[in-house]
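Visitor: I have a model open and would like to learn how to read it. Could you walk me through a few features?

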Amino acid sequence: MLLLTPLVFATLTSIASAARLTVSIPSSPPLLPNPGSLAPSTHAILLGPPGTRYSAPLRRDNTFAFPDLEEASYLLTIQSRDYFFPPLRVDVTKAADGQTIAAWQTFRGNEWSNKGPQYGSAKGTLNIQVSPSSQKDFYQHRGGFDIMSFVKSPMILMGLVSVVFIFGMPYIMDNMDPEMKEEMAEMQKKGPLSGSNGAASQIQNFDMAGWLAGKGSGAESGGTVKKR
Amino acid sequence: MLSTLLTAASLLLVPTLAVFADEAWNVDYHFALLGAPKEETSFFHQPNPSSRASLIYTLSEQHALGAVNPRDGSLVWRQLLSSDGIAYRNSFLRAGEGQDVVISGVGHEVAAWSAADGRLVWSLSTEGPLEDVEILELSDGKETAGAKDAIALSSGANPTVQRIDGASGAVKWQFIIDGSDAPYQLSASSTQIFAILIHKTILGYVKLRVVVLDRVTGHKVDEYSLSSENELSTTENIVSVGANSASPMIAWTDSLYTTLKVNVVGMKSMQSFDIASHDDSPIEHVKVHAPYHVNSLSHFLVHYQTATSHWADVFHINLKNGKVEKAYSLPKLAGRGAFSTSTSDANVYFTRVTRDEITTVSSASHGVLGRWPLNTFGVVAGIGEQVEPIHAASEVSVKGDTVSAIRTTILLSTGDWVMLRDGKGIWNRPEMLASTMVVTFALPADAAALVQQLEVEAHSNPVAAYAHRVQRHLADLQRLPSIIVSLPQQIVKGFLGTSADDLTASDTFGFRQVIVCATREGRLVALDAGSPDKIVWNVNVADLQPGQSWEPYLASRIAGVVEVSSRAGAGIQYNATNGQPLAERLPVVPEGPQVPSSQVVLYTVHDGTLEASYNRTPAWAFTPMHGERLIDMVPRPVNDPVASIGKVLGDRRVLYKYLDSNIALLVTAQDSMGTANIYVLSTVSGAIIYSNVHTGVDLTIPIASIMSENWFAYSFTNEASDEASKGHQLVVGELFESLVPDDRGMMGATTNFSGMQTATEPFVLTQTYQIPEVISKLAVTRTRQGITSRQLLAVLPDSNGIVGIPYGAVDPRRPVNRDPTKDEQAEGLVRYTAVLEFDPKWFLNHQREIVGVKNVFTSPALIESTSLVFAYGLDIFGTRLSPSFSFDILGKDFNKLQMLATVAALAVATFIVAPLVMRKQVDQRWRFL
């Protein structure tokens with residue numbers, strides 16, 4: 001034990017001197033139940049001050065590792081083929097013994113000082129977990145043929161109503177009681193469109209030649225047509 | 001009312017600018033490439049030690065590491081080990097026997113990758129560039145169980161040998177080699193590690209120094225030099241330094257290839273063998289093929305290649321006394337040959353691939369165990385070109401004394417990587433396309449011929465034109481029989497398919513254009529955009545020597561003809577359909593106004609100054625400020641048709657666009673300040689008509705820029721500051737003659753305008769959007785007449801995709817801090833938001849991953865709605881885009897069957913209803929009378 005202690009101490013100090021960030025992707029059902037299914041091209045990018053940019057591919061244990069970070073403020077983005085991940089802000093600052101590293105959520109298009117919830121903060125080595133925010137949906141589906149929407153369309157509804165009238169009216173007429181029928185017939189006779197004096201018959205029987213010749217402008221039916 | 005309708009329409013339209021599920025895998029095409037595989041880093045390996053199924057692993061010239069399924073040639077996984085395009089001298093790929101990882105070494109990085117899925121297992125950076133990476137095959141009990149350790153040799157200021165733990169990637173020990181000798185290679189035996197270094201003598205010769213290290217402790221055990229007796233003048237004559245075979249050895253030849261010297265590593269003596277000359281032509285190179293397994297027989301094969309023939313000798317090493325004996329020879333055969341080594345238990349088999357056959361022999365005796373004749377490799381090559389194998393890798397299964405099955409992958413001289421199973425072609429990967437430098441679109445020669453004939457008719461007198469037309473129709477009659485034969489098929493297709501499917505029969509839409517790619521190896525490769533699965537033709541146009549490069553320039557000025565020229569040479573023209581060279585006449589560049597003016601202006605960069613010359617006389621020069629460097633210049637495309645000179649507003653008034661064909665966008669950088677400067681220049685007068693400066697820009701990240709019509713766009717990455725958020729930004733600027741509707745400003749009623757005389761400055765509206773990732777290249781869709789709205793194409797290197805951003809989404813006229821008015825809504829403008837997220841539906845590549853795209857080329861189709869897109873770099877990707885929807889073609893959404901069913905239903909209904917109506921009319925007549 002005595003022999004081992006300085007060894008352990010030595011390794012600890014060497015780790016503590018350089019900031020190290022490990023980002024792991026946990027299983028987050030229902031969106032991503034198995035992070036092992038992520039494509040091997042999934043990678044994380046740590047964008048520091050101009051000229052500093054680290055890229056880490058996804059490891060077998062679903063983590064990204066950034067060893068040896070300099071003191072700066074970084075933007076961490078995770079790029080995956082199938083999922084969106086939230087952007088994070090990672091700050092590495094100098095502390096009394098070694099470096100302090102902290103991570104927050106950040107919001108695109110907002111001031112850099114606008115930090116969201118903290119993901120973690122540690123001396124030396126920071127392990128954080130980042131879950132995908134949503135799945136990417138690449139495809140636009142065309143509105144296919146749907147019988148309900150077809151029937152609901154106004155054109156078809158109007159057509160259907162007229163079909164109902166065409167086929168339904170004779171039946172309704174037949175099934176009406178005789179009194180009602182008489183009444184209807186009376187009404188039709190009185191109506192402006194029916195009967196020998198109705199507008200319809202007047203138009204049909206209009207005497208064009210006589211009208212052009214100026215015959216009977218007063219009492220005859222032509223007058224009403226002229227007015228219309 | 002109209003405006004609300006328009007609004008409704010625009011709201012409906014915006015989200016549908018996307019990849020449709022039914023078009024996704026049909027309209028677009030993609031070659032997931034790796035680049036030309038290297039011989040030493042291509043092999044079969046079992047990703048899962050418990051299963052016998054193997055994958056082909058390769059690390060290519062482009063430093064793409066990938067696993068290919070030997071069954072169909074599809075890519076299982078891929079990692080790009082050099083994303084910034086740096087070409088490293090050395091790259092290594094090793095797979096330990098029975099290991100589930102492959103270990104790569106590129107540049108300064110040793111990395112272990114999971115063989116089955118391509119995930120990183122560990123990685124380690126070395127101080128100096130890597131010179132060799134090996135796996136310690138023989139266990140010494142010091143490893144983590146199940147993982148074999150790796151050793152790496154790096155050069156640089158402190159040449160180092162490191163032993164790396166196979167499970168964690170931690171360094172177990174390292175040994176710094178003293179002296180100024182250049183590290184060359186590593187070799188290992190069961191107890192020792194040998195570092196071979198190159199020692200340059202005073203006389204300029206090369207001596208081999210071997211440093212022997214203890215495997216477990218890393219301490220130096222011994223050191224000796226091999227007296228190569230002044231015969232080794234360069235390292236190129238070292239033909240092999242074996243590693244991991246049962247008996248590693250070093251072999252070299254003299255510069256004239258007359259003797260072969262072999263030294264078994266660990267022995268201080270060497271043996272020499274005379275190289276018999278079989279041929280008049282001198283030997284071009286000598287290669288050693290040895291098994292890469294510790295348990296196999298210690299046999300090796302030496303392959304001699306001349307310009308016209310090749311042969312091989314097989315040697316055996318006696319493990320007891322280290323003596324090397326020549327066992328047998330393989331006869332001389334014409335052409336190039338490729339040898340590959342495979343093992344089965346301890347036995348070693350050599351497979352020889354020549355132009356016309358594959359043979360397999362055992363290393364023990366020269367009896368042929370299997371022979372498969374080859375008629376063709378099944379690849380497209382130039383006329384009269386002999387396709388030769390360059391290198392091969394094989395997997396043999398042996399039953400008794402014969403080879404029962406053999407799978408061989410061969411890299412051919414055409415650049416194709418093919419797989420043969422028992423001599424029959426299984427798949428073919430066009431890896432030469434991974435090194436595409438420039439591309440152009442050309443109309444196929446037959447379509448172009450018709451266009452030319454029509455032009456002849458249009459320009460001659462009516463009588464001659466009529467005679468010509470009759471003649472043409474008579475000639476067309478000859479095709480009648482074939483048309484009649486294919487008629488039933490076409491009718492069936494016409495009923496069942498959609499019009500967009502019908503590409504093979506005729507090309508009325510201009511989708512079937514020939515895409516010609518010039519590769520770094522000096523070849524022209526043509527694809528058909530209509531049926532892109534196969535290569536149309538592939539010819540060698542520049543006979544490049546190793547190490548030579550060319551700067552090709554491709555153009556198709558005459559329809560049906562592709563012209564290639566290198567910077568130095570004159571142009572040669574090729575038929576676009578079959579790749580036959582046309583009469584070698586020099587291209588006549590038409591003089592005068594036929595050439596668009598921006599082609600007349602020639603730009604050169606001289607001492608950081610951009611100089612423009614107009615008809616070879618210097619016109620103007622743009623000298624950036626002190627400390628500024630030019631990054632990029634994008635002139636407005638030569639062929640950039642614009643349908644409308646103004647933008648119609650919602651209230652039917654017009655905002656006039658500033659349309660000048662002679663403008664260019666110039667991007668410069670000031671490294672000391674971290675600023676990027678943007679200029680819009682008039683390329684006629686050299687005047688700056690717009691400029692902007694961005695501070696805190698990361699200049700190591702690409703700044704992409706584009707100019708088209710009356711707008712420009714660029715993207716950059718900036719550091720957080722008081723006014724800007726950290727991240728990536730896209731800026732879009734639009735130039736107007738005046739910002740007052742229905743007013744042309746300074747231009748007034750003038751019809752003519754000269755950039756030299758009047759200095760009219762446009763009114764520029766710009767808007768900045770925060771984007772989620774880096775854009776490495778911008779392009780814009782092009783249509784025939786420019787009526788269709790444009791789509792901004794952005795290459796996203798981080799998410800391996802290309803995104804098509806509708807112009808409406810980045811329009812600088814989007815209202816800021818307020819909701820759009822009715823008129824603005826009618827135009828389709830939405831309220832400005834600082835963040836522009838890339839909708840996954842905008843990704844042209846959808847689920848595909850397009851890696852290493854360097855450029856995107858767009859070309860108009862013959863119909864106005866569609867633009868053809870072709871992206872190249874490492875991968876090849878192409879698609880068709882309709883930014884304003886397919887308004888002039890029936891797309892997939894048009895259901896022919898449904899239409900036919902409706903017609904049929906109406907017909908039936910008419911037949912049923914007709915007698916009813918008839919009866920009713922008759923009844924009515926009776927009733928009325």
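Guide: Gladly! Accessible areas here come from the Shrake-Rupley method with a 1.4 Å probe. In this predicted model, chain B exposes about 42,400 Å², and carbon and sulfur atoms supply 55% of that area.

Visitor: What are the spans of the C-alpha trace of chain B along its principal axes?

Guide: They come to about 125 × 75 × 60 Å. Within that frame, the secondary structure of chain B consists of eight helices and 59 strands.

Visitor: What share of the residues of chain B count as buried?

Guide: Buried means under 20% relative accessible area. By that cut-off, 51% of the 929 residues in chain B are buried.

Visitor: Let's take one residue. Is Arg429(B) buried or exposed?

Guide: Arg429(B) counts as buried because its relative accessibility is 6%, under the 20% limit. You will find Arg429(B) in strand β33, which covers residues 424–429 of chain B.

Visitor: Which backbone oxygen does the side chain of Arg429(B) reach?

Guide: That of Gly73(B), at 2.8 Å. Gly73(B) also appears in the contact list of Arg429(B) once neighbours within four places in sequence are left aside. Other entries include Leu33(B), Val68(B), Ser74(B), Asp416(B) and Trp417(B).

Visitor: And how many positive and negative side chains does chain B have?

Guide: There are 71 positive and 94 negative side chains in chain B, and the centres of these two sets lie 6 Å apart.

Note on methods
Residues are numbered from 1 along each chain as its sequence is written. Chains are lettered from A and ligands numbered from 1 in the order in which they are written. This is a predicted model: local features need pLDDT of at least 70, side-chain atom pairs count only at pLDDT 80 or more; totals for chains, interfaces and linings use all residues. Side-chain values use heavy atoms; hydrogens and water are left out. Helices (H or I, at least four residues) and strands (E, at least two) are DSSP runs, numbered from the N terminus. Buried means under 20% relative accessible area, exposed over 50%, partly exposed in between (1.4 Å probe, protein chains only). A polar contact is a pair of N or O atoms within 3.5 Å; within protein, one must be able to donate a hydrogen and the other to accept it, and residues adjacent in sequence count only if both atoms are side-chain atoms. Contact means heavy atoms within 4.5 Å. Lys and Arg count as positive and Asp and Glu as negative; His and the chain ends are not counted. The place of a charge is taken as NZ of Lys, CZ of Arg, CG of Asp or CD of Glu.
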